[in-house]
Amino acid sequence: AGPSGSSRLGRLAKRNKTAGANGRSDVTGAHGRPDVTGAHGRPDVTGAHGHSDAIASDGQDVKFDKVRWKITSAQDLGNKLKSGNELIEDKTTAGRFIKIRFEIENLSNDNLYFTDFDLVDDQNRTYKSSSDVLLFIPSNEMCMLQNLNPNIPKTCTSIFEVPANARNLKAQVNDFGALFSKKVLIDLGLK
């Protein structure tokens, strides 16, 4: 995360800071809400009322009751995916491809079925990961349609197709299986 991400996070925490039940600085301080914890003693950022009003930066852990998310890298690949395999054609788009590498961990005691996160841009448009580009993801990082066993972190990759004018992209993560799950936006640092 760059300095702009941490300063935005600091401003958000200062504006909404209350004492949390865990003794750390929380935005809402309530139980059962997601904690965003990062390196260097940054404050927890907690989403309230199921809205995506908490913003974290890439590289921070976002912990819910059942799942921990951590975006490890975000990359704008432009409008062409190169296969590097003579049997698979390159893929092009009128927009851009965004590659997100992340870590996910099932914090519950039960097996969970992986459901991908969405990307959201500065116009509040929502994007799902592209299923027609799975061949461009390393097989050991393909999490789509997989079960997650408890307490085993897994590194995954997703590729999204977004319009050329999509700006300030954020990953919108949540807890698995919860009907009214809280959501947290993770700033990807892509302009």
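User: In this predicted model, how many bridges join β7 to β12, and how do the two strands run?

Analyst: Nine bridges join them, and the strands run antiparallel. Two bridges are enough for strands to count as a pair, so β7 and β12 qualify. One contact to look at is I98, whose bridge partner in β12 is F160.

User: What makes β6 and β7 a strand pair?

Analyst: The bridge count does. The cut-off is at least two bridges, and 12 join β6 to β7, so they pair. They run antiparallel. V67 has N106 as its bridge partner in β7.

User: Why is the pair of W69 and F114 called tilted?

Analyst: Start with distance. The ring centres are 6.4 Å apart, and the limit is within 6.5 Å, so the rings pair. Then the angle. The planes are 55° apart. Stacked needs under 30 degrees and edge-to-face over 60, so the rest, this pair included, counts as tilted.

User: Which parts of the chain does that pair link?

Analyst: Distant ones: W69 is in strand β6 (residues 67–81), while F114 sits in the loop between β8 (112–113) and β9 (118–120). They are 45 residues apart.

User: How do you know whether W69 and F114 are buried or exposed?

Analyst: Set each value against the cut-off. Buried means under 20% relative accessible area. W69 has 0%, so W69 is buried. F114 has 5%, so F114 is buried too.

User: Why is the pair of F102 and F114 called stacked?

Analyst: Its planes are 15° apart, with 6.2 Å centre to centre. That angle is under 30 degrees and that distance is within 6.5 Å, so the pair is stacked. F102 lies in strand β7 (residues 91–106) and F114 in the loop between β8 and β9, so the pair ties together parts 12 residues apart in sequence. F102 is buried, at 0% relative accessibility.

User: Which residues form the aromatic cluster, and how many aromatic pairs are there?

Analyst: W69, F102, F114, F117 and F160 form one cluster. The count of aromatic pairs is six.

User: How many cavities of 30 Å³ or more are there, and what volume has the largest?

Analyst: One cavity meets that size. The largest has a volume of about 70 Å³. It is lined by 14 residues, and D116, I137, M144, T157 and S158 are the closest to its centre. Strand β12 (residues 154–162) gives the largest share of the lining, four residues.

User: What makes up the lining by residue type?

Analyst: Nine residues are nonpolar, four polar and one charged.

Note on methods. Residues numbered from 1 in each chain as written. Predicted model: local features only at pLDDT ≥ 70, side-chain atom pairs only at ≥ 80, totals over all residues. Heavy atoms only, no water. Buried < 20%, exposed > 50% of the residue type's maximum accessible area, 1.4 Å probe, protein only. 1 Å grid on protein atoms, 1.4 Å probe; cavity = no way out; pocket = protein on both sides within 12 Å on 5 of 7 lines; lining within 4 Å. Points joined across faces, edges and corners; volume = space filled by probe spheres on them. Nonpolar A, V, L, I, M, F, W, Y, C, P; charged D, E, K, R; others polar.
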